[in-house]
Each structure stands twice: as structure tokens, then as C-alpha cells.
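Q: Can you walk me through this one? Keep it short.

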Amino acid sequence: MLNMYYVHKLKRVSLFLICLFVFAVSSVWAQNETALQTAAANESRLPPPEIDAELYSKKALSKTEDLGTYLAVISDRNNSLGEANKAVESAVKLFIDENAEFEVSGRDGRNRYKVRSYLNRLKLLNYDKIEISWTDISYVSDLKKGIDGNYYGVITLQQRFKGYKDNRVVYGDLTEKNIEVKVVAYQKETDGVKQQKWDVFLSDVGVVVTRFDQ
Amino acid sequence: MIKYFLNCFLQERRYVYLFFILSGCFSFPFPASGQLYSGHEENFAYKVKQIDEFLERFNNESTLIKDYISDRYGYPEVSREELLISLFDLKNPHLQKEEVERFIKVVNDSLNPVTLNFFDEDWYARVKCSVVYEEKVRDLILLLQIQKEDNGASKWVVNNVYADFLNTPEGNNPNAFLNPVSHATDFMGLNRAFEDPENLKAYLSSAFRDDQLSKFAMEMQNNNISFRQVEHLSYHFFQVEGWIFSVENFRRQEKNSGWLISRLIQADSAGKEEFKQLLLKEKL
């Protein structure tokens, strides 16, 4: 009987310990859930990233200049196909995605090409050497928030293009370009601290060509 | 001084550029090839390159042209009146001097100056585009406006459309109707109605009004319309009390170029509503 008592007590103690264990585990689980929810809520309450207007402008123009550099490399027949392809890849990375489009104004109206397609077409240009430069003046609009939470702006600038054959300029134009830019926020964790950062990407490029006869 | 130049430029077009000289805009001689780009660069600086820049100048905000003139010519400040004048298409013979003066006076009133906000409701982009519908190239006019969300985000939305191919045909068959005893045969005549789309209106209530926007949405949904390109873009502003003005893009190699006021009309509320309807017409 004594054994039965102890067995009964052991059962009660075991049951108690099991309940305690379950309670403890569920408390921890609930706390984790709450912590996650709190973290998620805190993330959504993190202030939007501060976008310094001047820095945004510099970054946007810098990427535009990089684009000009890559365009020159792609179009230059003195460069190897490998170099041109590498420049295409680098240029594509400047854009928000490969659905961004280049608009070109021609005799038959306006045509639009996806980024990669436009860049690959440049490889077919028939010049020995290309010079691309930008005029000093550019207009950078204020940023506007899109409904996707990203910010959008536009840069308008002029690009000078000269195509050479046999060391002679055979084609030159001054092209006004309207380049949409997209400012995208992302999170970066450093030493366990999450920070909101942002970066600038190019998007659709509209073109109005002013051509000068050489 | 400004009134003098305003009178000059509206009466004597060659004096137009006096305004620019005042602002430090010297007229360059036709450039030799080495100077080709410097003239273009200055034209580019003066050009109203985006509608955003138009709004900046209209509101006398910090804007590229003020910095350019200050840096290049050392003029300390360009006045709002000068900026407003620069926003007109100075080659437009239809702009009336007195109207422009009155408009500038209203906008630049010292006690109640008028400014425009990109997120205002009462301005529209009129986009005339070419589309393909039923394998034919057709014109389509879209009226768009900015829609702002509570969180400060915004997007352009289509407010209205117009296209000939979205019209419900008027029909001309006097025999196309459901006669007054159609009910007796449980409306068997509906069969003929459904086979007679050309006379559809004859079967609809007289209260029926064409809803082109809904039709456009349906045709888009059914992939019946494909976009080709934008043929013409203009903006139309109704926010200034008693006035309507339109802005178009003037592509020319001059300082007075870019997005400029091409039309200025005095209008009350009724006049503004009438003009909004006109925006949907093929030709303004």
C-alpha cells in the first residue's frame, strides 16, 4: 500500500512536473511569438530611411555617368566581345531590373527596348571608337514616394556622342535624356542592429535626339 | 521695369530677349563647332525640362535656372515675375498681353500669392496615344491625374478616356426596337437585339450614357487594345481661381523652350468644367 501511495504520489508529481514543463515551454514559445511580433511591429515602425537630397542627387548622377562609361565600352569596336559583354552586365546592374526600357526616337517614330536588348544592340554599331560625355548641367527632380514605398525621381541631362571611323568623326549628336530613378530602401544588420539604408537605381530612359551633321 | 519688358515682349517679339539679357542671358552667335555645345548647354539650362521644373519656377522655389543665372552672371536673384514670364511660350501670337499681365498679377499677389502643388487634384495630363484595336491603329486620349494616398505615396491614374472606337454606335434602323408587346412572347425579340450591335442604342434606355472608361477597362482586360506610343502630351491646370492654362512641350533650340504655357483662358467654374469636357475631344 505504501508503494501504491508512492506510486500515486509519483504519478501526481510527474503529472505536475509535466504540466509545469508544458507551461514553461508554452510560455517560452508565447514569449518568442510575442518577441517576433514585437520585432515585426518595430520593423514596420522603423522610420523610413533618411534620404539626403544632395547625396541622392550625387548617387543618381554618378550612376548615370557610369552608364555613359559602359555605353562607350559596349559601342567601341576596339574592345573585345568579352569586354563588351562585361560592360553590358555591369550596365544592367545599374538598373532596377531588366524590365526597364530605353526609348529611342527615330525616323519611324519611337521604339522601346528592354535594357539588355538595347545594350546588346549597341555592340552592333559600326564605329572604330566612341566618345560619350555628359554636359555639366543636369536637372534632378525631387523624389516622390510611390505606392510601393520606394521613391521615384527623374534626371534630365544631355549626352554628347561621337562615333569615329579611321580617326574621323563620322557621326555626332547631342541627346537629351530623361532617366527615371528609383530609390529603394533595404535593411542592413551590423552587430545585431538593423539599419535602414537606401540605394539609387536607374529605370526607364526616354530619349529625344538632337542630331548634328558632321 | 518688369512691366516695361512685358509690354515689350508682347508687342515686339525681338525684345523678348531683353528679358533674358536682364537675366544675364546673352544671345550667343551661331556657334563654331568648338562652341557648338556651349550654346546648347545654355539653352538646356534655360529650357523648362520637366513639368516638375515648371512647378518649381511657377512657385519661385529653389530651381536650376536661378542657380545657373546666379553662378554664371552673378545676378543675386531672379524675381518671381521674371520666372513666370519665362514660363510662357513667347512665340505664341494668341497670348494676349493684358491677359498675361492679369494672370501674373493674380498669381504673384503679395498678400495671396498662388502656388501649385504637384499633388493638387485639379490638374491633368492629357495623353494622346496610338493603340492597336481590332488590328487597326487608332487614336486614344487618356486623361490622367495624380492620386495621393494617406501615407504620402502617389501614382498617376487614368481619370477618363476617349476614343471613337469606344463609342456606342447611334444606329439608323428605324425598325430596331423592342415593340410594346414584346412581353407577350416572353421577349423573343431580344434574339434580334443581340444580333444587332450596330443599333444597340435603340434597345437601351434614353438615360443611357456612354461610359468609355468602363469600356476601355473591359477591352484592356480582354487584351483587345495594345499600346504603340504617346503621340502628344499636354498638361492642363485648373487650380488658379478664374483661370485655366495649358502647358505643352516646345522642342526647339532656344532658351524659351521646353514645357511652356501655350494657352491661357479666363474661366469660372462652369467654364472650367466645359473645358474639361473639351479635353476629351480629338482636337482641342
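A: We can take the chain contact, then a hairpin, then a surface patch. This is a predicted model, where local features need pLDDT of at least 70, side-chain atom pairs count only at pLDDT 80 or more, and totals for chains, interfaces and linings use all residues. Residues are numbered from 1 along each chain as written, chains are lettered from A in the order written, and side-chain values use heavy atoms, without hydrogens and water.

Q: How much area do chain A and chain B bury between them?
A: About 2400 Å², 57% of it on carbon and sulfur atoms. Buried area is the accessible area (1.4 Å probe) lost on being put together, summed over both parts.

Q: And how many residues does the contact take from each chain?
A: 26 from chain A and 27 from chain B, with contact meaning heavy atoms within 4.5 Å.

Q: How many salt bridges between chain A and chain B?
A: Three. A salt bridge is a side-chain nitrogen of Lys or Arg within 4 Å of a carboxyl oxygen of Asp or Glu. One pairs Asp52(B) with Lys144(A), closest N and O atoms 2.4 Å apart.

Q: New topic. In which sense do S2(B) and S3(B) pair?
A: Antiparallel, over eight bridges. Pairing needs at least two DSSP bridges, and strands are DSSP E runs of at least two residues. Gln147(B) has Lys155(B) as its bridge partner.

Q: What sits between the strands of that hairpin?
A: Five residues. Gly152(B) takes a positive phi near 90° in this hairpin.

Q: Is Leu178(B) buried or exposed?
A: Partly exposed, at 31% relative accessible area. That term covers values between buried (under 20%) and exposed (over 50%), with a 1.4 Å probe and protein chains only.

Technical notes: Helix = DSSP H or I, 4+ residues; strand = E, 2+ residues; numbered from the N terminus. Buried area = accessible area lost by both parts, 1.4 Å probe.
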